[in-house]
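Subject: The structure we talked about, with notes

Hi there,

Here is the structure I promised to pass on. Have a look at it first, and then read on for what turned up when I went through it.

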Amino acid sequence: MASKPDGIPLWWLALAAGLIPLLTIHLTFGVSVLEGHIGACIPYWDSCTSISRTGRHGTSYFIFKGTMLPAATLGILWWWLNARWLRQLGCTTRGIRWLPALGLIAGLALAAYTLALGHGGEGFNLVRRIGVVLYFSLTFINQLLLSSALAHQPRWQQAGQRLLWLCQLTLGIGILTVILNGVAPEFYSRRDDAFEWVLALLLNLHALWVALLWRHSRFRARLWTG
């Protein structure tokens, strides 16, 4: 009989890192609709509300802050563990060393954005804008580095390539928003919220995909006593 691998499975932590932000924005959206702060719609298509607006008023204000702040902390740990996981798999690309630092900045940016949400004033608006841009961009860069590292590891090459395709889709949509903002600003201003929802979905789908890879690789934590 084969013995079970020792240690604490970590894939659930990766699952939480992808699910908590994704579930939070949909929960706050639903609560905001029920409380009358925003109208019922399909935000991925109708571009009827921004992600920020779902967490600004009523009960959603407390839900958003109460879940996104722990999610920011979890994200910092998640990227630190991703660097260790990739090394354990035998990945040796130089980009791995940047994952913890970029993840730390992304997590702090998400925390700053969350704390500033719901407060008026140009200072808070600036914090929100900087926070969301840093969080989205640095998270994407880390996902690109992770995907590339897997694609260069023979055993995980196929999974890495598929994750790179997902990154390419995310990048393509991001480039499309820049083009539309330049050539058709009026149209873009009516659709920019929908693009934000789609990009957030793709980033979290990448995290959920990596969670499945953690489970498949049996990535575990071990505790020692002196």
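One term before the details: two residues count as in contact when they have heavy atoms within 4.5 Å of each other. Please also keep in mind that this is a predicted model.

**Helix α5 and its surroundings**

With that meaning of contact, the buried residues of α5 pack against three other helices, α3 (51–54), α4 (58–89) and α6 (122–151). Which residues of α5 are buried? They are L99, L102, G103, A106, G107, A109, L110, A111, Y113, T114 and A116.

The length of α5 also works out. The helix has 18 residues, 99–116, and at 1.5 Å a residue it should span 26 Å; the C-alpha atoms at its ends are 26 Å apart, so the two values agree. Just after α5, G118 has a positive phi of about 90°.

There is another side to α5. Together, L104, I105, L108, L126, I130 and L134 make a nonpolar surface patch of about 500 Å², and α5 and α6 each supply at least two of the patch residues. I105, which sits in α5, counts as partly exposed because its relative accessibility is 40%, between the 20% and 50% limits. As general background, nonpolar side chains in soluble globular proteins tend to be buried together.

**Two nonpolar cores**

The largest nonpolar core has 27 residues, and those touching the most other members are W78, W85, L86, L146, L150 and W214. Helices α1 (11–34), α4, α6, α7 (157–183) and α8 (185–217) each supply at least two residues of this core. Where does the largest share come from? It comes from α4, with eight residues.

L146 is a good place to start if you want to look around that region. Not counting residues up to four places away in sequence, L146 touches W79, N82, W85, L86, L163, H206 and V210.

A second core, separate from that one, has 20 residues, among them C41, F64, M68 and L110. L110 is also one of the buried residues of α5.

**Contacts between distant parts of the chain**

L89 lies in α4 and is buried, because its relative accessibility of 15% is under the 20% limit. Leaving aside neighbours within four places in sequence, L89 is in contact with L150, Q153, W156 and S217. L89 and Q153 are 64 residues apart along the chain, with their C-alpha atoms separated by 8.0 Å.

From the other end of one of those contacts, S217 belongs to α8 and is buried as well, at 17% relative accessibility. With the neighbours within four places again left aside, S217 is in contact with W85, L89 and W156.

Also in α8 is L201, which is partly exposed with a relative accessible area of 26%. L201 touches L22 and Y44, again not counting residues up to four places away in sequence. The C-alpha atoms of L201 and G18 are 9.6 Å apart, although 183 residues separate the two in sequence.

**The salt bridge**

How many salt bridges does a search of the whole structure find? It finds one. The partners are E122 and R129, and their closest N and O atoms are 3.0 Å apart. E122 counts as exposed at 54% relative accessibility, whereas R129 is partly exposed at 44%.

**Positive phi values to check**

Most residues other than glycine have a negative phi. Two residues here may therefore catch your eye against that background. S47 has a positive phi near 55° and is not a glycine; it lies in the loop between α2 (43–46) and α3. R218, also not a glycine, has a positive phi of about 60° and is found in the loop between α8 and β2 (220–221).

Are these two residues buried or exposed? S47 is buried, with a relative accessible area of 10%, while R218 counts as exposed at 57%.

Happy to go through any of this with you.

Best wishes

Technical notes. Residues are numbered from 1 along each chain as its sequence is written. This is a predicted model: local features need pLDDT of at least 70, side-chain atom pairs count only at pLDDT 80 or more; totals for chains, interfaces and linings use all residues. Side-chain values use heavy atoms; hydrogens and water are left out. Helices (H or I, at least four residues) and strands (E, at least two) are DSSP runs, numbered from the N terminus. The expected span of a helix is 1.5 Å times one less than its number of residues. Buried means under 20% relative accessible area, exposed over 50%, partly exposed in between (1.4 Å probe, protein chains only). A nonpolar core is a set of buried Ala, Val, Leu, Ile, Met, Phe, Trp, Tyr and Cys residues joined through side-chain atoms within 4.5 Å. Patches are made of residues with over 30% relative accessible area and no salt bridge: like charges are joined within 9 Å, nonpolar side chains (Val, Leu, Ile, Met, Phe, Trp, Tyr) within 5 Å. Accessible areas come from the Shrake-Rupley method with a 1.4 Å probe; for residues, only the protein chains shown count as cover. A salt bridge is a side-chain nitrogen of Lys or Arg within 4 Å of a carboxyl oxygen of Asp or Glu.
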